[in-house]
Amino acid sequence: MEHRAPDGRNRIRDVGIRDETIRLGQLLKLAGLVEHGAAAREVLEAGEVTVNGRGETRRGRQVVPGDVVALAGERIRVQRAAS
């Protein structure tokens with residue numbers, strides 16, 4: 001599901017996960033924000049990723065439903081996938 005701003009731009013996109021948590025590096029790949037783990041490491045080390053508005057550099061950080069992750073102008077919200 002995408003939530004759009006009044007001007008039609010995508011503001012936030014929901015991404016479903018199967019488990020209670022997911023590592024940030026895995027989430028970036030799942031959401032299509034990076035192509036592979038090395039790219040996830042690079043953007044994290046460069047300080048380009050935020051979780052809930054705070055800079056994050058740890059690829060293994062556990063992200064939970066409700067968290068909002070941003071990279072390069074895209075924002076995703078973690079949701080628990082429907083069974």
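Reader: Let's start with a charged pair: which side chains meet in a salt bridge at 3.7 Å, N to O?

Author: Happy to begin there. Side chains of opposite charge can pair when their charged atoms come close. In this predicted model, the pair in question is Asp67 and Arg61.

Reader: Is Asp67 buried or exposed, and how does Arg61 count?

Author: Asp67 has a relative accessible area of 10%, so Asp67 is buried, given that buried means under 20%. Arg61, at 21% relative accessibility, counts as partly exposed.

Reader: Where in the fold should I look for Asp67, and which residues does Asp67 touch?

Author: Look at the loop between β6 (62-63) and β7. Setting aside residues up to four places away in sequence, Asp67 touches Val51, Asn52, Arg61, Gln62, Ile76, Arg77 and Val78. With Asn52 there is also a polar contact, side chain to side chain, at 2.9 Å.

Reader: Which residues are linked with Asp67 in a network of salt bridges?

Author: The network links Glu56, Arg58, Arg61 and Asp67. Within it, Arg58 forms a salt bridge with Glu56, their closest N and O atoms being 2.8 Å apart. Glu56 is buried, with a relative accessible area of 8%.

Reader: How many salt bridges does the structure hold, and which one involves Arg80?

Author: The structure holds six salt bridges. Arg80 pairs with Glu20, and the closest N and O atoms are 2.9 Å apart. Arg80 sits in strand β8 and Glu20 in the loop between β2 and β3 (22-23), so this pair ties together parts that are 60 residues apart in sequence. As for accessibility, Arg80 is partly exposed at 44%, while Glu20 is exposed at 56%.

Reader: Let me step back to the overall layout. How many helices and strands are there, and what pattern do they follow along the sequence?

Author: Counting the elements and then reading their order is a good habit. The protein has two helices and eight strands, and along the sequence the pattern is β-β-β-α-α-β-β-β-β-β. Of the 83 residues, 35% are buried. The accessible surface comes to about 5300 Å², with 43% of it belonging to carbon and sulfur atoms. To see how the chain folds back on itself, take the contacts between residues at least 6 apart in sequence: 45% of them join residues at least 24 apart.

Reader: How do I read the two faces of a helix? Which residues of α2 are buried, and which exposed ones lie on the face turned away?

Author: Mark the buried positions, then ask where they point around the axis. In α2 (residues 37-45), the buried residues are Gly37, Ala39, Ala40, Val43 and Leu44. They cover an arc of only 160° around the axis, which means that they lie on the same side of α2. The face turned away from that buried side carries the exposed residues Glu42 and Glu45.

Reader: What do the buried residues of α2 pack against, and which residue just after α2 takes a positive phi?

Author: They pack against α1 (24-30), β4 (49-51) and β7 (68-71). Just after the helix, Gly47 takes a positive phi of about 75°.

Reader: Now the interior. Which residues of the largest nonpolar core touch the most other members?

Author: In soluble globular proteins, nonpolar side chains tend to be buried together. Here the largest nonpolar core has 20 residues, and those touching the most other members are Leu24, Leu27, Leu28, Val49 and Val69. The elements giving two or more residues to this core are β2 (10-17), α1, α2, β4, β7 and β8 (74-80). The largest share, four residues, comes from α2.

Reader: Could we zoom in on one member? Which residues is Val49 in contact with, leaving aside neighbours within four places in sequence?

Author: The list is Leu24, Leu28, Val43, Leu44, Arg54, Gly55, Glu56, Val69, Ala70 and Leu71.

Reader: I'd like to place Arg54 from that list. Which strand holds Arg54, and is Arg54 buried or exposed?

Author: Arg54 lies in strand β5 (residues 54-55). With a relative accessible area of 65%, Arg54 is exposed. To orient yourself, compare positions along the chain and in space: Arg54 and Ala70 are 16 residues apart along the chain, and their C-alpha atoms are separated by 9.6 Å.

Note on methods: Residues numbered from 1 in each chain as written. Predicted model: local features only at pLDDT ≥ 70, side-chain atom pairs only at ≥ 80, totals over all residues. Heavy atoms only, no water. Buried < 20%, exposed > 50% of the residue type's maximum accessible area, 1.4 Å probe, protein only. Contact = heavy atoms within 4.5 Å. Areas by Shrake-Rupley, 256 points an atom, 1.4 Å probe, with all protein chains shown as cover. Arc of directions from axis to C-beta. Core = buried A, V, L, I, M, F, W, Y, C linked by side-chain atoms within 4.5 Å. Polar contact = N/O pair within 3.5 Å; in protein donor to acceptor, adjacent residues only side chain to side chain. Salt bridge = Lys/Arg side-chain N within 4 Å of Asp/Glu carboxyl O.
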